[in-house]
Every structure is written in structure tokens, then in C-alpha cells.
Amino acid sequence: MGYRPTKKFKKTLLGGGAVVVLAGLNAPAALSFAEEKYHAYKIAQPGYKARYGSWSTVDIPEEYRTNAIHAALLNTGKVLIIAGSGNEQKKFDEGTFETVLWNPEDNSFKLVPTPEDFFCAGHAQLPDGRLLVAGGTARYEVLGDKVVRAGGGMRVKNENPDKPITFKKGTRFRSPSGVTYVSKFDVTVPKAKREFKISYAKSGRMLPWKTTVKAAEARVFVEAVKEGPQAVTKQSAQYEIVGLKGEDADNTYGLAEAITMDKQDFQGIRAAYEFDPKAEKYIPVDPMKEARWYPTLVTLQDGRVLAVSGLDDVGAILAGDNEYYDPKTKKWSKAPFRYFPTYPALFLTKGGKLFYSGANAGYGPADKGREPGIWDLRKNTFKKVGGLTDLDQTETAASLVLPPAQDQRVMILGGGGVGESDKATGRTAIIDLDEESPAFKTGPQLPQGTRYLNSVIMPDDTVFTSGGSKDYRGRGASNILKAQFYDPKTNAFKEAAEPTVGRNYHSEALLLPDGRVVTFGSDSLFGDKDNTKLGKFEQRMEIYTPPYLFRDKARRPALGAGPRELAASGKATYKTAHPERIARARLMRPSAVTHTTDVEQRSIELGLTKGRGEVTVQVPDDKSLVPPGWYMLFVTDGEGTPSEAKWIHVP
């Protein structure tokens with residue numbers, strides 16, 4: 001890199017004649033020690049930082065260290081780190097659910113009471129700055145060789161049109177052959193629906209109304225009371241609910257098609273909450289219609305949120321039951337039916353259509369829902385797009401709308417095979433959705449096949465990517481300690497400083513208002529090359545300071561006083577001492593990221609006019625380009641050096 005240690009440094013580094021002799025004898029330990037010391041020296045030099053940037057570890061007091069499963073930047077500048085049970089069944093069984101609020105400005109932390117297990121939930125930024133968190137974990141998976149009791153989904157029917165009925169966890173269901181099963185959760189079955197049918201005689205005279213009752217149903221997971229395969233059944237049957245008498249016994253019963261000793265997957269919850277950044281607490285809202293574990297939540301141009309996919313309350317992937325959340329009413333409603341694998345990367349594009357890049361985070365069959373395409377919500381049509389290579393390796397891929405969002409180009413980076421596959425691809429691909437017949441075109445290769453890559457849009461229109469692993473969950477010590485920038489203008493990668501902490505499954509990265517990037521989490525399956533030691537969840541946080549922050553600080557652009565609410569004209573004016581230094585302005589939506597999936601982040605190019613001691617920015621009025629909510633406003637100089645962000649609300 002052009003840096004050579006001084007004679008004085010070499011003398012200190014080698015520490016006297018004994019080490020020199022060892023080095024002369026080619027002793028590996030001495031050479032390794034010397035190389036590490038020299039590397040530390042090299043990356044600390046101003047010239048190196050100005051070219052590659054620099055990493056630093058965040059000092060986290062022990063009581064605030066947690067398993068970061070989700071991370072979201074709030075409009076207060078603080079970062080919400082959600083663990084829930086953090087992929088630790090012991091914490092789940094104890095009901096120990098965690099959320100930590102981190103303030104990057106003073107590196108302070110706060111524990112937030114967490115009412116549900118939001119482990120593997122979905123989240124989206126709401127128009128008023130709150131964060132919607134929906135879904136999570138009702139039950140941990142049980143692998144096939146650990147299943148000792150037959151289990152499955154029980155549909156509980158209610159034919160009484162006058163009242164709903166609730167069954168507590170532990171309710172027993174008895175099969176026609178006398179085998180008893182017990183429910184693992186509370187379940188409420190709505191009241192049945194009365195339907196009135198009007199008919200007419202041949203003479204045209206209206207006949208008396210006929211009333212029919214349509215049974216309501218809800219589903220709950222049940223397990224056999226006794227261990228062993230004798231409780232397995234693959235035949236549909238009606239089940240008596242033990243303890244019910246009279247009319248309730250006549251109107252209410254269970255139906256099940258198959259109860260097996262197969263692997264029992266994670267099961268989702270219906271709970272939904274809004275996190276209030278001002279009060280710094282979770283506020284309950286109406287639950288979803290469907291239970292969801294591993295769902296994607298995406299904000300639409302009208303401020304509503306679409307919830308898609310997930311494992312349901314019995315651990316089955318939803319067949320396509322999607323729903324809308326309205327932040328005005330705090331209620332959910334039915335959305336167009338369409339199947340996706342879990343955590344699908346869905347991006348809002350011009351005209352309100354959603355683009356599915358093919359990236360996803362796991363559950364679902366290998367031959368269903370993996371092809372990318374354009375989803376028209378109004379017509380509920382899905383137009384597939386071609387050109388993507390390594391189509392069998394879109395799981396655990398990164399994906400984003402390239403900056404600026406007006407260009408309507410989406411990129412997919414890396415990925416791996418379905419499930420626990422050891423496949424990993426270095427493929428990147430880009431699609432221009434403004435083309436008449438859009439199709440992916442292959443982009444530059446990553447340095448190696450990479451799963452779980454974190455990708456962050458930067459204020460200078462580059463994309464920072466870091467971490468990942470070459471194998472499933474970092475198996476075989478396969479974490480990749482590399483980082484690079486992708487430049488959309490040159491369509492090429494540029495090397496960045498190497499992180500010191502490996503990141504794979506359950507890791508996140510996001511842009512901070514000061515222009516730095518923070519990385520969290522990592523959940524390695526094993527901790528060694530031979531896969532003999534179980535891995536530990538990575539609780540360290542690292543911050544990357546990009547090269548642009550090592551330039552002349554005195555010349556860094558800065559915005560002064562200005563509005564926090566965008567005017568109806570779409571214009572906002574800010575004081576600045578040197579308007580002549582400002583070349584571009586970007587509106588950047590804060591991240592909400594989990595499982596390599598961040599469908600919130602986007603960077604919008606703004607109109608820019610300069611005045612005496614001020615600049616005025618013009619925000620596009622297309623809500624499908626700029627969904628309502630809070631944004632970071634960055635201005636950059638000709639070299640791409642950004643200001644610190646100003647927060648502004650776009651209604």
C-alpha cells in the first residue's frame with residue numbers, strides 16, 4: 001500500500017535480538033506476530049484511512065449486550081436493537097425478551113421492556129416516525145430426531161352464531177379412537193356467520209327467508225398427551241373437545257388432517273406493536289389476521305404497510321395470505337393473495353408496484369416463489385423477469401434499490417443455496433425497471449461466493465458491502481473479513497478496510513446520521529474450522545468510518561437551521577456558510593433491517609438551488625418514490641463528502 005515502517009518502529013516491533021533471531025530462523029510464531037503488528041500499524045496511518053476507511057469496536061456495558069436480530073434507525077437518531085429471545089430457547093422458555101436502545105451520539109444504552117418475543121418478526125417505518133413491529137416467535141422448532149410426541153394443526157370450529165369461544169392453552173381434543181391431544185396456545189374462535197337466502201316462487205312471490213349458519217374456525221397447534229408413534233394419524237377426523245357440555249359441545253369441535261412426528265418448525269404470532277421513538281416504548285395495536293414468523297413488512301406510497309409471507313401458527317409457510325396495516329386506524333385488512341418464500345425482498349417502485357428481486361431468507365420449497373418479478377397490487381398480477389444467473393442461490397442474498405432511486409435500478413448481491421446448502425455465489429446483477437422489457441444484467445463479481453452480505457446505501461451514491469460467509473451460517477470458519485464499495489457509475493467494486501468481526505446469519509448493518517456505518521450481530525453455527533465447537537452469538541458492534549470522513553474536516557459541508565417538516569411546495573431551505581461547496585443533495589430513508597433484508601433504505605436525488613448563505617432542496621412529489629415518513633437529508637461536496645444529516649418529515 002506504499003507504507004513502510006520506520007527504523008524506530010521496526011526496532012520496537014521486533015523487540016530485540018531474540019525475536020530477530022527467531023525471525024531469521026523463519027519461526028512462524030515470530031513472523032505471525034510481526035505481521036500482525038505491522039498490519040495494525042499500517043491501518044492506523046492517515047493515508048491508509050483516507051483511502052480505505054477505518055473500523056472501531058463499540059464499547060458496550062455488559063448489561064446491554066444482546067443478540068441483535070433486528071436493527072432500525074429512529075428519527076431521534078437512536079438505533080433500536082431487537083433481540084426478543086435472541087435465538088436462545090432458554091430465554092424463550094423463561095419469557096426473557098430483550099430490546100436495547102442505543103444512542104450513537106454519546107454511546108449510551110437503555111433497556112426497553114419487550115412485551116412479546118419479536119425474534120424473527122417483521123418491521124417497517126411508519127409515516128409518523130414510529131416503527132411497526134409485527135409477528136415473532138410462538139414456539140421454537142423441534143428437529144425430527146427430538147420429536148417425542150405427535151403434533152400438528154387443529155382447526156377448531158364454532159357453529160354458534162351468537163358468541164365466540166376461547167380455549168386456553170392445555171385444552172384437550174379427543175380423537176374418534178380415543179387418543180388425546182393438548183393445545184399449546186390459547187385460541188379464540190369467532191362466532192359463526194348467519195347467512196340469509198332469499199328465494200322466489202314461479203309466480204314471483206317472495207318465499208320465507210332461509211337462514212343458514214357458516215361455521216367460523218381458528219387454528220391451534222396440538223401435541224399428543226402420550227409419547228410415541230401410536231398418536232400419529234394422517235387421516236382427517238373430527239375431534240371432541242374434552243370438558244364441553246350441552247350446546248357448546250354440539251357447536252364446537254376440532255378437525256385435523258394429519259398429526260405426525262415430523263420436524264416441527266418455528267411457529268409465528270399475530271401480535272403487532274408500534275414503537276414510539278419519543279416515549280421509547282412499545283404500544284400494542286390490533287394483531288394481524290395471520291400469525292407470521294420471518295415476514296417482510298414493506299411501506300407503501302399511501303403510508304399503509306403490507307405484510308407478506310412467514311411461517312404461521314402451526315409452523316407451515318403461508319400459502320399467500322397477505323394483509324395491509326393502516327396506521328390511521330391501527331387495524332389490518334386483507335391484501336392480494338400471493339405466495340413468496342420467507343423474508344422476500346420487495347421494493348416499492350414507481351406507480352406503486354412492488355419489485356421482488358428474488359432475494360429471500362429461507363423457508364419455502366426450492367421450486368416455488370424464487371423467480372424475481374414485478375407485482376401489481378391493484379391487479380394482483382406478477383410479471384416474471386429474466387436474466388438472473390445462479391437462480392438457485394438467491395437465498396440469503398443482499399438486495400437494494402440503487403441510488404438514486406429515480407433511476408429505478410435494483411441490485412442483488414451474492415446468496416446461497418436453499419436451506420443448509422454449502423453453495424454460495426459471488427454473482428451480482430442489476431435490473432433497470434424503466435426499460436420496456438426489464439431483465440437482469442450481470443454485474444461485477446464479488447471477491448468470492450458470499451451469503452449474508454450486508455449492503456448499505458451511502459450519501460455519496462456508493463453502496464458499502466461487508467461481511468458474510470462462504471458457507472451456511474459461517475460453517476467451517478467461513479466468515480469473510482472483507483468489505484468493499486460498489487460504485488453504480490463505474491459498475492465496479494473498490495476495496496475498503498477489513499472488519500475485525502465476522503458477520504453471517506442474524507447480522508445487520510445500517511447508515512448512521514453522521515455518515516458512518518454500524519454493524520451488529522452474527523450467529524455462527526460452529527466456532528471452528530472442523531465444526532466441532534458450537535458457535536456463540538456475536539454481541540460486539542463495529543463502526544466503519546468511510547474514507548470521506550478522513551478528508552479535510554474544515555471543508556466538510558454543513559447544514560444549519562432549517563425546517564423539520566417539508567412544506568406543501570416540496571421545498572426546504574437551510575442555512576449554510578459555504579453554499580458554493582455543496583454539489584448534491586440526497587434524501588435517505590432510515591433502515592429497518594434483519595436477515596440481510598432491508599426494504600426500507602433508499603436514496604432520492606433532490607433538486608438543489610443555492611442562495612446567499614443558504615441552499616434550497618426540492619423533494620419529488622411522487623409518493624411511490626418518496627413514501628411518507630422521516631428522512632435524513634444529506635448534502636455532499638464535489639468529492640462526495642457528506643454533511644451530517646438533518647432530519648425532515650415528508651407528509
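**Close-up views of a predicted model**

**View 1. T465 sits in strand β35, which spans residues 463-466.** The model shown here is predicted. Is T465 buried or exposed? T465 counts as buried because its relative accessibility is 0%, and the cut-off for buried is under 20%. Its side chain has a polar partner: the side chain of Q484, at 2.8 Å. Leaving out residues up to four places away in sequence, T465 touches L413, L453, N454, S455, A483, Q484 and F493. Q484 thus appears twice, as a polar partner and as one of the touching residues.

**View 2. The largest nonpolar core has 50 residues.** Which residues have the most contacts inside this core? They are V79, W102, F464, L510 and F520. A second, separate core has 49 residues, including L354, A405, L566 and L606. In soluble globular proteins, nonpolar side chains tend to be buried together.

**View 3. L510 and the residues that L510 touches.** Residues up to four places away in sequence are not counted here. The neighbours from 71 to 79 are A71, A72, L73 and V79. Further along the chain come V456, R516, V517, V518 and F520. S591 and V593 complete the list. V79 and F520 also belong with L510 among the residues with the most contacts in the largest core.

**View 4. A nonpolar patch lies on the surface.** F196, I198, Y200, M206 and W209 make this patch, with an area of about 590 Å². Where is Y200 found? Y200 is in the loop between β14 (193-197) and β15 (210-214). Y200 counts as exposed because its relative accessible area is 53%, and the cut-off for exposed is over 50%.

Key
Residues are numbered from 1 along each chain as its sequence is written. This is a predicted model: local features need pLDDT of at least 70, side-chain atom pairs count only at pLDDT 80 or more; totals for chains, interfaces and linings use all residues. Side-chain values use heavy atoms; hydrogens and water are left out. Helices (H or I, at least four residues) and strands (E, at least two) are DSSP runs, numbered from the N terminus. Buried means under 20% relative accessible area, exposed over 50%, partly exposed in between (1.4 Å probe, protein chains only). A polar contact is a pair of N or O atoms within 3.5 Å; within protein, one must be able to donate a hydrogen and the other to accept it, and residues adjacent in sequence count only if both atoms are side-chain atoms. Contact means heavy atoms within 4.5 Å. A nonpolar core is a set of buried Ala, Val, Leu, Ile, Met, Phe, Trp, Tyr and Cys residues joined through side-chain atoms within 4.5 Å. Patches are made of residues with over 30% relative accessible area and no salt bridge: like charges are joined within 9 Å, nonpolar side chains (Val, Leu, Ile, Met, Phe, Trp, Tyr) within 5 Å. Accessible areas come from the Shrake-Rupley method with a 1.4 Å probe; for residues, only the protein chains shown count as cover. A salt bridge is a side-chain nitrogen of Lys or Arg within 4 Å of a carboxyl oxygen of Asp or Glu.
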